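Please open the model in your viewer and keep the sequence panel beside it, so that each selection can be followed in both. The tour goes stop by stop, saying what to select and what is found there.

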Amino acid sequence: MADVHAAYLTCPIRQVISRFGDKWSMLVIFSLHTSETGVLRFSELRRVMSDCSQKMLSSTLKNLEHVHIVRREVFPEVPPRVEYSLTDTGKSLVPSLLSLIDWAKLHFDEVVTQQVR
């Protein structure tokens with residue numbers, strides 16, 4: 001196996017964005033940000049993201065918790081109540097995500113509907 005260049009290993013695009021740059025992670029972050037309280041339960045996220053499977057949503061939430069974007073809080077009740085919210089790190093990501101959404105709206109036709117020439 002060839003040696004990996006150090007710049008590749010420390011590249012922010014590869015090492016940071018790859019941790020939460022998938023579509024489901026972005027939708028979870030946006031959904032938590034736009035919720036009235038900033039807090040959603042798993043079932044509420046499933047309703048908002050109905051095209052995401054339960055397994056994929058669960059995996060996405062675990063990953064976002066692992067990389068400190070989402071906070072998972074378990075309440076000692078019967079049955080247990082689990083709520084998800086953005087951490088301060090996750091909240092700091094929101095302005096960039098909103099800019100990306102604005103860009104996507106502006107360039108939607110060019111990127112999504114136009115055929116390659």
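The stops below begin with confidence, move on to the sheet and its loops, and end at a helix.

**Colour by confidence**

Before selecting anything, bear in mind that this is a predicted model, and colour the protein chain by pLDDT, which has a mean of 90, with 94% of residues reaching 70 or more. Confidence is highest in strand 1, at 98, and lowest in helix 1 (residues 6-10), where the mean is 76. Where pLDDT is low, the predicted coordinates should not be read in detail.

**Select the sheet**

Next select strand 1, strand 2 and strand 3, which make up an open sheet with the order 1-3-2 and antiparallel pairing. Strand 1 (39-41) and strand 2 (70-75) are the edge strands, each of them pairing on one side only. If you look along the sheet, neighbouring strands are turned against each other by 30° on average, direction ignored. Strands of a sheet pair through backbone hydrogen bonds, either parallel or antiparallel.

To examine the pairing itself, begin with strand 1 and strand 3, which are joined by 3 bridges, and pick out Arg41, whose bridge partner in strand 3 is Glu83. Then turn to strand 2 and strand 3, which pair over 6 bridges, again in the antiparallel sense; here Val74 has Val82 of strand 3 as its bridge partner.

**Follow the loops at strand 2**

Strand 2 and strand 3 form a hairpin with 5 residues between them, and the loop between these strands holds Pro79. Select Val78 together with Pro79 and inspect the peptide bond that links them, which is cis, with omega near -5°. The loop between helix 5 (54-66) and strand 2 contains His68, where phi is near 65°, a positive value in a residue other than glycine. Most residues other than glycine have a negative phi, and most peptide bonds are trans.

Is His68 buried or exposed? With a relative accessible area of 56%, His68 lies above the 50% cut-off and therefore counts as exposed.

**Zoom in on Ser85**

Return to strand 3 and select Ser85, which counts as buried because its relative accessibility is 13%, under the limit of 20%. Which residues does Ser85 touch, leaving aside those up to four places away in sequence? Show Leu32, Gly38, Val39, Ile69, Val70 and Arg71, which are its contacts on that count. One of these, Ile69, is 16 residues from Ser85 along the chain, and a distance drawn between the two C-alpha atoms should read 8.7 Å.

**Finish on the helices**

Now add helix 3 to the view: helix 3 packs on the sheet, where it touches strand 1, strand 2 and strand 3, and its direction makes about 95° with that of strand 3.

Finally, select helix 6 (residues 88-113), whose 26 residues reach 36 Å from the first C-alpha to the last, close to the 38 Å expected at 1.5 Å a residue. Centre the view on His107, and you will find a kink of about 75° in helix 6. Elsewhere in helix 6, Gly90, Leu93, Val94 and Leu97 are buried. An α-helix has 3.6 residues a turn, so residues three or four places apart point the same way. To see what surrounds the buried residues of helix 6, display helix 2 (12-20), helix 3 (23-34) and strand 3 (81-86), against which they pack.

Definitions and conventions. Residues are numbered from 1 along each chain as its sequence is written. This is a predicted model: local features need pLDDT of at least 70, side-chain atom pairs count only at pLDDT 80 or more; totals for chains, interfaces and linings use all residues. Side-chain values use heavy atoms; hydrogens and water are left out. Helices (H or I, at least four residues) and strands (E, at least two) are DSSP runs, numbered from the N terminus. The expected span of a helix is 1.5 Å times one less than its number of residues. The bend at a residue is the angle between axes fitted to the seven residues ending there and the seven starting there. Buried means under 20% relative accessible area, exposed over 50%, partly exposed in between (1.4 Å probe, protein chains only). Contact means heavy atoms within 4.5 Å. Two strands pair if DSSP finds at least two bridges between them. Axes are lines fitted to C-alpha atoms, for helices over the stretch in contact, and angles run from 0 to 180 degrees between N-to-C directions. pLDDT is the predictor's confidence in each residue, from 0 to 100.
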